[in-house]
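Here are a few short exercises on charged side chains, each with a worked solution. Have your viewer ready and try each task before reading on.

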Amino acid sequence: MQEQEALRQLENQKSSVTREQKKVTAQHTELVNRAKQLQNRRSTWEKSLREMRDVQESEIRKEKEEKQQRINVEKAKIDVLEQEISSMKAAFSEKEALRAGLLRKSREADDNLNRLKNEVADYKRKLQRAISACNDKARIFGEDTQKILDLLKKYQRNFSEIPIGPIGYHISIKDQKWVKAIDSATHALHNSFIVSTFQDQENFLRLLEMNRIRRTPVIIQRFRHHPYEIPREQIPSVLTVHQTITADHPMIINVLIDQLSIERIALAENSQAAVTALRTENNISKIYDISGVEYRKRGQQELTDASGINKRAKLGVDLEEEKMHYQELIKEKEIELRELARIKEEAAQELRAFDSSTNRDQKMLSMKAREVDEIKRKIRAIEQEPEMEDNSEARSELERSIQTIDAEIDELTLQREAKKAEIAKLGEQLLPIQEEIEKYADDNKDLAFRLKKLEDVVTKVSQAKRNLDTGKENRKQAKAKLEAMVAEAKEKLAELKANLQEITAQAEQKCERMELDPERDTPAKLDALINSLKNTIERETANKRPLQRIREDFALAKKRYNELNGEINRLTEIHEKVQENLASRTALWAKLLKTTSNQVKHSFRAYLSQKGFSGQIVIDHEQGTLDLAVKPNSASDTQQDTRSLSGGERSFSTVAFLMSLWEVMDVPFCAMDEFDVFMDGVARKISIDLLVDMGVTNQSRQFLFISPGDPKQIPTQSGLVRIHKMNPPVRNQGTLPFASQGREEDSE
């Protein structure tokens, strides 16, 4: 009954939904017709609007074309102006190049003008010096020369002999054509002064220092008031410097002979004569030609030195001629100055005219640029003019009407869609009712079959429940047993992990961790390897020091190694510093050695010259040898070994050599025994004078000389010389009587 009642209700619902569906369909049809009418009206109005738009677009297009024509006209003007500006800029570039040339020309004129001004100033200074030198010849040999001469005259009491100099100031040339040659040969000593003793040298240098005068070269040589006599056989057959010059003091010639050997310096008219003389003459050391070129011989070759040609000669200078020469040069340079000043002024005028023209062109260029900017602003104004607007009321009304119709059409479309949705919804509502009705019919057929099937299922479930209750108790017992076994296995696993960690830590202390290959490294192999290692460790540690002791010894040895390494580094640094200091001191020692050797050689020649001897000391520092070569005044050879000298000549040479050494030695005592045994009276007198002079000059030392000769020849005027006369020897005496009664007082 209930099912039949439900079925009737479903039929009523189906009839109601069908009626509602027909009503909504009729409304939808009406809406479609209304939409078609509105669409037709909209098409008519849209056609009218399109015609109106075409007319307006034609007018706007015409207006744009006119505007573009105006813009093109203005752009053509801009192109013309830009071409003019480009040509003006190109002209500017050319003018800039011309201006740069004018500036360069002006700068060159300035540079030449400044150079000439400097040259004129330099020539004026030289002219002033020449004018001064006309009144003061000594200025040729230095700005302070006259001041030095005035000081020597003022303080002449401070010197045992008044110093003579400069050497060039006292030289006169017999024949002026040899001026350049003699100047080149003697220029090294032109500014030098001659003093008699070392004390005079100290007083001279102190006098210069007190008056803030730059030091000048000083030559120390005992004064002789007569020139050396050159042996006839030593005089070359050609003209020498010694024969061509004179001096107002004999020491000038003597010093030039000792220092430069001018008696062996020859003069030649030309280079051919110079080379011929070098090859034929044996008593000459070098030759100078008339222009001042030096020729000397080394081995089988003739060497030429022209370095002295361009030097300004100081000897025989014609000061008046030099003054006139500088005056002529100044006049020539002043003419050049005026010419350069005129060129500079012309360049400046051209530059000013050029700048004026450039300024005018720049103003014109600025004007053109402003015109271009004005035209560009005009073009922008044209481009920004508002376009034509459509103010037609009809068009506006049509557009509003079309918009209204569009709104109505949209609304009708929405209503139509709503009706469609409503119809679809009613159809959807009708469909489940129909399906439900059909379902009721099918369900009545299957109910009986399904009910029987459910009863069979209930029977099977009851049987399964009884079986399940029986197996549940068995599963509980098995589960408890398994849980006990799992707990026991976990305890064993934790214990094994702890043991493994302890063994691993001990192994890592012994060696690094090793990765094992499960297939190759089996437990049996690993046990055998461990046992082998244990046996090896026992053998190695038997009767040996413990490992801890070895580690402590290693730490101590490493610390000691680091200390020694640091000490080695420190000693290495000290060694490097010592090596640097040694190199520096070695260089200073070599310099001192060279200076000392030169001083000994110079002193040796000076002492030999007191007796008319000449010679030299040949020192070879590398071989450690020292040789003496002496030329007596009676010998024919240039120089000869001391073994070929007579006894007196050898004794005098020995005295000269020892005195030369004493000058560079700083010792409190100097002694010489029987130095005059083989000397004649003249040589003995010269030697004693030299020794006494050295003793008087060096009062900080004590000199002891033993001589069997007559003591009356010893000068005692200074009051610093004491003569001790020894008792005569006692013949056949076995011992020396040291008692006080066996000796006499020394007498002065």
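**Exercise 1.** Find how many salt bridges a search of the whole structure gives.

*Solution.* Start from the predicted model. Next, apply the criterion of a Lys or Arg side-chain nitrogen within 4 Å of an Asp or Glu carboxyl oxygen. The search of the whole structure then returns eleven salt bridges.

**Exercise 2.** Work out how Glu374 and Arg377 are placed in helix H8, and whether they are buried or exposed.

*Solution.* First, check the contact: the two side chains of Glu374 and Arg377 form a salt bridge, with 2.4 Å from N to O. Second, look at the helix: H8 covers residues 319-383, and Glu374 and Arg377 lie three residues apart in it, about one helical turn. Third, look at accessibility: Glu374 is partly exposed at 45%, and Arg377 is partly exposed at 42%.

**Exercise 3.** Repeat the analysis for Lys685 and Asp689.

*Solution.* The closest N and O atoms of this salt bridge are 2.7 Å apart. Lys685 and Asp689 are four residues apart in helix H13 (residues 681-697), again about one helical turn. Lys685 has a relative accessible area of 37% and is partly exposed; Asp689, at 22%, is partly exposed too.

**Exercise 4.** Which residues are linked with Glu294 in a network of salt bridges?

*Solution.* Begin with the pair Arg296 and Glu294, whose side chains meet at 3.2 Å, N to O. Then add Lys286, which is linked with Glu294 and Arg296 in the network. Finally, compare accessibility: Glu294 is buried at 10%, because buried means under 20%, while Arg296 is partly exposed at 27%.

How values were computed: Residues numbered from 1 in each chain as written. Predicted model: local features only at pLDDT ≥ 70, side-chain atom pairs only at ≥ 80, totals over all residues. Heavy atoms only, no water. Buried < 20%, exposed > 50% of the residue type's maximum accessible area, 1.4 Å probe, protein only. Helix = DSSP H or I, 4+ residues; strand = E, 2+ residues; numbered from the N terminus.
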